[in-house]
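Dear colleague,

Please find the structure below, together with its sequence. My notes on what was found in it follow directly after.

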Amino acid sequence: MSSHTLEVRPWKTRRKGAVSSFDPQIVRQALLDAFRKLDPRWQIKNPVMFVVEVGSVITTIEFVRLLLTAPGPAFPAARLHNETLFVLAVSLWLWFTVLFANFAEAMAEGRGKAQAETLRRARTTTMAKRLRRPERSAPWEEVPAPALRKGDYVLVEAGDVIPGDGEVIEGVAAVDESAITGESAPVIRESGGDRSAVTGGTRVLSDWIIVRIGANPGETFLDRMIALVEGAQRQKTPNEIALNILLASLTIIFLLVVVSLEPFAIYSGSPVSITTLIALLVCLIPTTIGGLLSAIGIAGMDRLVQRNVLAMSGRAVEAAGDIDVLLLDKTGTITLGNRQATRFLPLPGIDEQALAQAALLASLADETPEGRSIVALARERSAIGEEASLQQQASRFVPFSAMTRMSGLDVLADTDGQAASVRGEEEAAPPVRTIRKGAAEAIIAYVHEHGGDNTHGELLQRTVDEIARAGSTPLVVAETWRTGQDHQEQARVLGVIELKDIVKGGMRERFEQLRRMGIRTIMITGDNPLTAAAIAREAGVDDFLAQATPETKLKLIREQQAGGRMVAMTGDGTNDAPALAQADVGVAMNSGTQAAKEAANMIDLDSNPTKLIEIVEIGKQLLITRGALTTFSIANDVAKYFAIIPAAFSTTYPQLNALNIMGLATPHSAVLSAVIFNALIIIALIPLALRGVKYRPFGAGPLLRRNLLIYGLGGIVAPFVGIKLIDLLLSLLHLTL
Amino acid sequence: MFITFNSFVQIALFLALVLALTKPLGLYMTRVFNGERTWLSPVFAPLERFLYRACGIDPAREQRWTGYVIAMLVFNLAGMLLLYGLERTQQWLPLNPQHLGPVEPQLAFNTAASFTTNTNWQNYAGEQTMSYLTQMVGLAYHNFISAATGMALAVALVRGLARHSAEHLGNFWVDLTRATLYILLPICLVGALVLVSQGVVQNFNPYTVVHTLDGGLQVIAQGPVASQEIIKELGTNGGGFFNANSAHPYENPTALTNLIEMLAIISIGAAMFYMFGRMVGDTRQGWALWAAAAILFVLGLAVALPAEQGGNPLLAHLGDNQQASALQPGGNMEGKEVRFGITDSVLFTVTTTATSCGAVNSFLDSYTPLGGLVPLANIALGEVIFGGVGSGLYGMLMFAILTVFIAGLMVGRTPEYLGKKIERKEVMMAALALLISPATVLGFAAVASVLPQGLASLTTNTGPHGLSEILYLYTSSNGNNGSAFAGLAGNTPFYNWTGALAMLIGRFAFLIPILAFGGSLVGKRVVPAGPGTFPTTGPLFVSLLVGVILIVGALTYFPAYALGPIVEHLLMLAGRTF
């Protein structure tokens with residue numbers, strides 16, 4: 001799980017070429033779509049807005065009726081007296097209400113479409129070299145990429161575009177995946193292991209590979225991605241369905257309220273006009289959330305895509321908000337990918353400088369990150385003299401091997417040049433000095449072998465144990481040299497280098513935040529329990545799973561789920577697949593294997609395991625935005641009653657004007673102001689719906705208090721102010737009718 | 001001053017007594033419904049076992065929600081038919097010293113529906129219509145059974161919340177039996193005797209005819225009143241033995257009986273909230289609902305009491321002294337008993353309408369517009385202010401779930417209540433339950449307010465007050481309360497049939513989604529609570545719950561009330577009455 005072929009990018013990075021929210025082209029398209037969506041067959045999917053549309057139609061008919069039947073001169077314009085104009089105004093604003101809601105949805109879809117367009121460009125029809133047999137030397141025929149089927153073998157050479165998703169079965173190549181990930185640095189893809197998956201539409205830069213095609217046309221990664229961002233396959237998520245039921249039943253209640261109001265009005269003396277009744281109905285039903293609900297869902301998906309995460313379903317995004325337990329891999333997520341040298345611990349009688357210099361020499365040619373970190377530390381701690389002098393020495397690097405479990409350096413001639421070597425004799429001449437670093441047991445054995453004794457054996461063992469217990473890795477350094485005439489070989493242990501797992505900066509705070517959000521983090525590592533515990537303590541995670549195997553991971557997830565918790569995890573290897581499938585939210589790294597990607601319900605194109613935290617935040621943000629706008633929408637109704645009820649009964653019961661606490665100018669202006677507010681609030685909230693309510697990692701209590709204050713209390717107060725302002729404006733413009 | 005010191009002390013004492021009774025009674029009920037031994041087991045356990053054996057019930061076999069609902073419906077339907085038959089044949093049966101004839105069919109149907117649904121709406125005067133046998137065997141039976149049914153259903157729903165990954169909600173027959181035997185009967189036995197000690201009558205005598213001081217003749221109705229009276233209150237039934245209900249001196253003679261009756265009305269409902277907390281393993285959950293109910297209770301009092309104590313401004317203009325003093329209660333005393341005064345009348349009214357009791361000790365139709373708005377609104381809010389026995393708890397739980405669903409999303413998680421996720425099915429059931437009362441109340445009232453059959457009954461009042469009377473009738477019927485704005489002549493075919501329908505819908509159409517809801521919850525896993533969980537205890541949740549109840553109620557009924565009590569109040573201030 002530790003091989004992340006892409007560099008870990010800062011997690012806030014957006015997709016390259018990410019579409020800006022209000023691109024004029026998208027706005028233009030969305031305006032057109034808003035009208036197209038007036039089609040009742042489309043509107044019926046959203047019961048709340050359908051009711052508004054029906055209301056718009058009825059008021060329009062009412063306007064025409066008034067226009068044709070009103071007494072007065074034949075010329076219609078002369079018939080536009082106040083009542084007729086009022087009906088016209090209400091009718092127009094009701095149409096606007098529907099259009100605004102349509103526009104919100106079209107905006108959200110438009111952004112996805114623009115992204116899909118970028119992706120489509122990567123799907124230009126390429127030609128593929130289909131192999132007869134899965135061998136480099138086999139004959140191949142050129143076929144168009146869409147003709148490829150699952151199980152076909154293709155040869156992809158430098159410069160070719162990979163024709164479809166699949167797995168490398170032979171060869172190794174550098175691949176440019178920027179079309180998918182937006183990341184320009186090439187990645188290595190090779191057969192076997194965890195870097196074998198390739199994606200259609202990416203380009204091979206060097207060498208060649210043989211790919212077994214893993215998906216039929218139309219089912220590829222790119223196809224799914226396009227469908228997802230376009231919203232073509234968008235299915236309502238469980239939570240959205242539940243919310244829709246609530247909104248529909250509120251709509252029915254308000255329908256009952258308004259329909260029953262007419263008999264009560266007739267009982268009380270005079271009926272209320274159909275226009276006012278419809279205005280009241282539209283103001284009461286939850287149009288704000290009803291109009292923005294699907295936009296919120298699409299925008300949530302879009303936010304994930306902008307973070308370079310592909311969710312296979314909206315359900316997974318929602319589930320992310322519910323996560324109780326995060327399983328995080330230690331390496332690369334909690335700690336920097338590599339261990340780093342942090343300390344030299346010389347044995348008694350050995351000066352730190354000497355140890356540092358020995359370590360430096362032993363690591364000069366060691367290109368592993370650990371080796372480089374030893375060099376860096378040693379340079380910090382010692383003079384550079386010896387390193388420079390090495391240039392004049394004949395020496396040979398001894399690379400690490402699994403058998404010796406050591407690496408180091410052999411000096412073939414000493415610094416004075418006394419045993420000056422002659423070219424050609426080098427091979428035969430025994431080294432005058434050797435330096436080795438490696439695991440404690442291996443080094444101790446080496447020292448014995450070369451005539452040294454374990455003088456400080458006990459101390460050494462203690463030091464090594466302590467370092468291990470602290471979660472670090474001990475590397476023991478030893479040297480051998482020849483002295484005297486007979487070149488008697490001597491050996492000794494110099495000391496220990498501490499290689500430490502460096503916990504990434506800010507992780508502690510991040511886990512603290514997660515804890516406040518109610519999410520437990522469990523660190524997964526292959527380390528032994530001792531080391532794991534130490535790192536877990538340092539990083540501040542809640543728990544850890546040491547010596548993890550695919551089986552223990554799966555077991556852990558099942559246990560957590562049996563306790564009612566929702567589990568999220570990341571993975572990239574084939575052996576992660578069962579756990580990824582079992583987890584409620586499984587995020588596969590794009591660099592991972594095909595099996596991992598298929599088992600997961602999200603794929604991170606950046607292959608950045610830390611992103612899981614962001615995914616959880618996006619899921620929560622989605623739910624919060626829905627809840628906030630629902631609360632806001634319902635709270636708004638209070639003010640609308642105070643505007644419309646006194647107005648509706650202004651002739652029957654003038655005394656009800658006592659309820660006109662906003663002091664609205666006229667009954668017509670009161671109704672109109674409420675309707676206008678109701679329409680404009682949708683437009684005003686589109687940015688919030690698309691962007692999402694800002695999520696703050698508080699616990700539920702403070703979060704609820706804060707959102708209730710803003711959207712609950714704010715929802716009660718805002719329309720009082722808004723309706724009054726609109727009324728004032730109408731009065732100023734003499735439009736109170 | 002609109003609230004006297006005396007009022008304040010009486011109300012505080014009453015609330016303190018309710019609070020004091022909640023926990024012990026709640027604990028006792030928890031044991032009863034968990035099937036545990038109680039201190040009454042030595043007395044009732046053999047009887048209980050005998051009943052199960054006689055009826056062939058296996059008390060250990062629990063039912064799924066469907067089985068529970070079917071048992072409940074069949075049992076209630078049978079009881080309703082029996083009561084109807086009894087009413088229609090009482091002239092041939094014993095214990096009918098006044099030789100009362102059969103009850104006419106539509107009234108008999110209305111009454112049967114009324115008592116089966118725990119409403120006890122009475123379109124008749126008991127002393128002139130029902131024989132002693134009908135009262136004792138027919139009506140009193142339903143007073144027990146409808147109350148026990150409500151309790152059983154509430155317990156079943158609570159089990160749905162308390163259990164997890166299970167299927168069964170309990171055994172309806174067992175819950176019904178235990179509620180009756182261990183809770184209702186013992187309290188009634190003691191309560192009836194206490195009432196008798198205060199002067200409530202209990203006899204089978206024919207009515208007494210007496211010569212009054214001014215030389216006239218007066219018939220004083222008699223009967224087995226005390227036994228009926230206590231269960232009328234305790235089971236939040238409310239159907240009076242006499243037409244005058246708890247204003248009648250034989251039903252409610254003294255201030256002490258008034259207090260006992262109020263406590264009987266509210267205690268089981270309040271204790272059930274505690275029992276709920278206990279059963280789900282977190283008493284704070286129960287107290288949170290209790291606190292929400294208490295706040296709404298006090299809010300109602302805070303409107304009604306000043307409105308009544310303030311009296312009628314029109315009379316004040318005429319020089320009438322409505323100030324409270326040592327010699328008079330002051331305020332609007334029309335339709336109130338002098339022995340109760342303003343405070344005990346208003347407190348009783350708020351209590352009886354907050355719960356779904358509907359017994360009255362004063363005449364609501366004579367209240368000031370705002371004073372009358374409170375009982376109307378109390379019922380319309382869903383009878384959740386402690387509410388009817390059982391029905392209050394399940395109604396309140398519905399609101400709690402609605403609150404969690406509306407606001408719960410704002411913490412960024414799928415809403416959950418007591419660790420159970422509130423998903424599509426639950427929202428569907430809550431929404432169905434929520435739709436029932438607006439559909440019934442507004443629907444029937446709208447029809448009645450324009451049809452001649454509906455308007456013909458507005459014999460004493462018209463205008464906004466007439467509309468209030470119509471609204472009250474259907475609100476009270478649908479809410480299974482049973483109290484009335486009695487200015488409306490209810491014993492007509494139109495109101496008998498529509499009222500009966502409203503009662504049946506309000507009870508049974510509401511119960512089915514409630515139990516379906518419980519059935520869906522019982523199978524769910526419990527998500528352990530953490531810092532990210534929406535808190536359903538504490539002041540924030542309580543105020544949110546109160547807010548949701550008030551806003552849902554206000555949004556549904558504000559336009560209708562604006563044309564009823566609200567405009568009536570404004571018109572009264574302007575000098576017009578109806």
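To begin with a single residue, E240(A) counts as buried, because its relative accessibility is 1% and the cut-off for buried is under 20%. Please keep in mind throughout that this is a predicted model.

**Salt bridges in chain A**

E240(A) has a charged partner: its side chain meets that of R626(A) in a salt bridge, with 3.7 Å from N to O. R626(A) is in helix α21 (residues 611–648) of chain A and E240(A) in helix α7 (residues 238–268) of chain A, so the bridge ties together parts that are 386 residues apart in sequence. R626(A) is also buried, at 1% relative accessibility.

A second pair is D576(A) and K553(A), whose side chains form a salt bridge of 2.8 Å, N to O. D576(A) sits in the loop between β18 (567–571) and α19 (577–582) of chain A, while K553(A) belongs to helix α18 (residues 550–562) of chain A, so this bridge ties together parts that are 23 residues apart in sequence. D576(A) is buried, with a relative accessible area of 1%. K553(A) is buried as well, with a relative accessible area of 8%. Salt bridges with shared partners also join K129(A), R136(A), E157(A) and D160(A) into one network.

A third pair is E109(A) and K37(A), whose closest N and O atoms are 3.0 Å apart. This bridge links distant parts of the chain: E109(A) is in helix α4 (residues 82–121) of chain A, K37(A) is in the loop between α1 (24–36) and α2 (40–43) of chain A, and 72 residues separate them. Are these two partners buried or exposed? Both E109(A) and K37(A) are buried. Over all chains, the count of salt bridges comes to 45.

**Chain A as a whole**

Chain A contains 23 helices and 20 strands. It has 737 residues, of which 56% count as buried. Among its contacts with a separation of 6 or more, 71% are between residues 24 or more positions apart. The accessible surface of chain A is about 29800 Å², and 57% of this belongs to carbon and sulfur atoms.

**Nonpolar cores and a surface patch**

In soluble globular proteins, nonpolar side chains tend to be buried together. In this model, the largest nonpolar core has 324 residues, and those with the most contacts inside it are L289(B), Y417(B) and Y474(B). That core draws at least three residues from each of domain 1 (24–115 + 229–308 + 617–733) and domain 2 (311–334 + 504–605) of chain A. Another core lies apart from it and has 23 residues, among them L360(A), V375(A), V411(A) and V432(A).

What surrounds Y474(B), leaving aside its neighbours within four places in sequence? Its contacts are V441(B), F444(B), A445(B), A448(B), F494(B), Y495(B), T498(B), G499(B) and A502(B).

There are nonpolar residues at the surface too: L709(A), I710(A), L713(A), V717(A), V721(A), L725(A) and L728(A) make a nonpolar patch of about 640 Å². One of them, I710(A), is in helix α23 (residues 700–732) of chain A. Because its relative accessibility is 39%, I710(A) counts as partly exposed.

**Loop residues in chain B**

N361(B) is placed in the loop between α12 (341–354) and α13 (369–380) of chain B. It is buried, with a relative accessible area of 0%. Not counting residues up to four places away in sequence, N361(B) touches S246(B), A247(B), N252(B), N258(B), E337(B), F340(B), D344(B), S345(B) and F348(B). F340(B) is 21 residues from N361(B) in sequence and 8.3 Å from it in space, C-alpha to C-alpha.

Two further residues concern the backbone. Most residues other than glycine have a negative phi. E383(B), however, has a positive phi, near 55°. F386(B) also has a positive phi, of about 70°, although it is not a glycine. E383(B) is found in the loop between α13 and α14 (391–408) of chain B, and F386(B) lies in the loop between α13 and α14 of chain B. E383(B) counts as buried, at 3% relative accessibility. F386(B) is likewise buried, with a relative accessible area of 3%.

Yours sincerely

Terms used
Residues are numbered from 1 along each chain as its sequence is written. Chains are lettered from A and ligands numbered from 1 in the order in which they are written. This is a predicted model: local features need pLDDT of at least 70, side-chain atom pairs count only at pLDDT 80 or more; totals for chains, interfaces and linings use all residues. Side-chain values use heavy atoms; hydrogens and water are left out. A nonpolar core is a set of buried Ala, Val, Leu, Ile, Met, Phe, Trp, Tyr and Cys residues joined through side-chain atoms within 4.5 Å. Buried means under 20% relative accessible area, exposed over 50%, partly exposed in between (1.4 Å probe, protein chains only). Domain bounds come from an automatic or database domain assignment. Contact means heavy atoms within 4.5 Å. Patches are made of residues with over 30% relative accessible area and no salt bridge: like charges are joined within 9 Å, nonpolar side chains (Val, Leu, Ile, Met, Phe, Trp, Tyr) within 5 Å. Accessible areas come from the Shrake-Rupley method with a 1.4 Å probe; for residues, only the protein chains shown count as cover. A salt bridge is a side-chain nitrogen of Lys or Arg within 4 Å of a carboxyl oxygen of Asp or Glu. Helices (H or I, at least four residues) and strands (E, at least two) are DSSP runs, numbered from the N terminus.
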